[in-house]
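Visitor: Please take one part of this model and look at it closely with me. I would like the cut-off behind each term spelled out as you go.

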Amino acid sequence: MNSLAFPRGRCSPSPLTRPSTSRSSPVPSSRTIKIRPSSRSVARCNLRDAKNLSRSRTVAMAAAAAAPASSEKEVLPPSLTSSSEPPPLFDGTTRLYVAYHCPYAQRAWIARNYKGLQDKIKIVAIDLADRPAWYKEKVYPENKVPSLEHNNQVKGESLDLVKYIDTNFEGPALLPDDSEKQQFAEELLAYTDAFNKASYSSIVAKGDVSDEAVAALDKIEAALAKFNDGPFFLGQFSLVDIAYVPFIERFQIFFSAIKNYDITKGRPNLQKFIEEVNKIHAYTETKQDPQFLLEHTKKRLGTMLMEQTILLAMEVLPPTMPSASKQPPLYDGETRLYMSYICPYAQRAWIARNYKGLQEKIKLVPMDTNDRPAWYKEVYPKNTLPSLEHNNKIIGESLDLIKYIDINFAGPKLTPDVDIAYAPFIDGFQTLFAGIKNYDITEGRANIQIFIKELNRIDAYMHTKQDPSEVIALTKKKLGI
Ligand SMILES: N[C@@H](CCC(=O)N[C@@H](CS)C(=O)NCC(=O)O)C(=O)O
């Protein structure tokens, strides 16, 4: 352990273990962990990844495996709830407020452990689901964890806290003196949020691991190769490893269980990093049961997906606007999708908006294509549908709009966006060929059949579908047949 520390610190770390009974969620010691989804979680997952989640599976956990067996552990306090009294605040005690499952809090907790500050910084665990009111009122108005009570002040933000703990307390230094390494550390710290976002949005999104998440993991793999004097980001263990490890730990579990994707495959540096970091007791002491982390996250993701489905089901679609309709205000800050319920091009943008859960952010302005309001030409001189009013400008062209909505709004990633581009047409042609030519486009085309079947399971798409007989009637009218 000492060999991993930088020589800057005056003191060698105090022993990082404490005599104790172990905590309720011990770090698993076996190499593989069997994760059997509960019936509730399976029901939730049916919304998206039924195929990936409906069977029990093994999460390969080199990470968990490498943790050294230790019979001694710090006794950690139980989490405080809404009915718990606050600790005697500002009495000179230094307190680190954490939630045991929170990756941000884990960063500060690892820093505290690594520097051997178990006696100097007391852990106070908060139950975030049943948070004590005094935490926001008296400790940290942001109401998040981690926060650190020190010298009569409370500070927050995990990355700032890791640096603060490193600078203001004794123990091995968490940053080397080498200026090239320090500069690289800043670059990597600045990238953590983007790395987390790319990974989390891929976990939430339907289908395979996104290109964005793969690129983010590849970037990490490349970063780990920058210095040759050790397995960590800056060669030897540093605050950069502390910033990333709680998230890498989680992504290894989630990608394996939810996407059946091993983040270390083809990434030897990442594999080595995970192996080596699991030899650091200051970190392994903070690890939670992978099954618990998985269930906790699935619950959160399930709630998000459920909310999106409910939002869709509850959406009351505005009536179609004929030529006599009054123009809605233009450039008043509202985001509007000018569209038609029966136009497949408009449907592309509409599906994108639904899929990303933007029902409340992007208002629909449906127009009657056979009796189009004259004012629309002033909104979008090309006079085609769809177009999007956003940030005081109008953007057109459905394929561009899918990409624009994807890039400029939150929600699951849409790229690659080919399915949304084709969906309205494939499904539409099926209806029209069947209704007008009595021809089944899926016959002898098993893949198209599966595509349509799967498409019809996606709420974001289903809510844009029109009554087939109406589509046939309107098309016949338009074609004069
Ligand atoms: N940027 C903050 C993020 C901290 C954070 O979001 N913590 C979560 C727990 S993992 C939290 O306290 N959430 C409570 C809330 O947002 O109300 C940091 O790095 O410290």
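Guide: Two strands are said to pair if DSSP finds at least two bridges between them, and strands (E, at least two residues) and helices (H or I, at least four residues) are DSSP runs numbered from the N terminus. The model is a predicted one, in which local features need pLDDT of at least 70 and side-chain atom pairs count only at pLDDT 80 or more, while totals for chains, interfaces and linings use all residues. Residues are numbered from 1 along each chain as its sequence is written.

The part I choose is an open sheet of four strands, which follow one another in the order β8-β7-β9-β10 with mixed pairing. Because β8 (362–366) and β10 (393–396) stand at the edges, each with a single partner strand, one side of each has no neighbour in the sheet. Neighbouring strands are turned against each other by 25° on average, direction ignored (axes are lines fitted to C-alpha atoms, for helices over the stretch in contact, and angles between N-to-C directions run from 0 to 180 degrees).

Strand β7 (residues 335–339) runs antiparallel to β9 (residues 387–390), and three bridges join the two; Tyr338 stands opposite Ser387 in β9. Helix α13 (residues 344–355) packs on this sheet and touches β7, β8 and β9, its direction making about 145° with that of β7, where contact requires C-beta atoms, placed from the backbone, within 7 Å.

For the nonpolar cores (sets of buried Ala, Val, Leu, Ile, Met, Phe, Trp, Tyr and Cys residues joined through C-beta atoms within 7 Å), the largest has 69 residues, with Leu96 and Val98 among those that have the most contacts inside it. A second, separate core of 26 residues includes Tyr338, already met opposite Ser387, together with Ala346, Ala349 and Ile351. In soluble globular proteins, nonpolar side chains tend to be buried together.

At one edge of the sheet, finally, strand β10 contains Lys393, which counts as exposed because it has 8 C-beta neighbours inside 10 Å (12 or fewer means exposed, 20 or more buried, and anything in between partly exposed, with C-beta atoms placed from the backbone). Its C-alpha atom is separated by 9.4 Å from that of Val379, a residue 14 positions away from Lys393 along the chain.

Note on methods
Contact = placed C-beta atoms within 7 Å.
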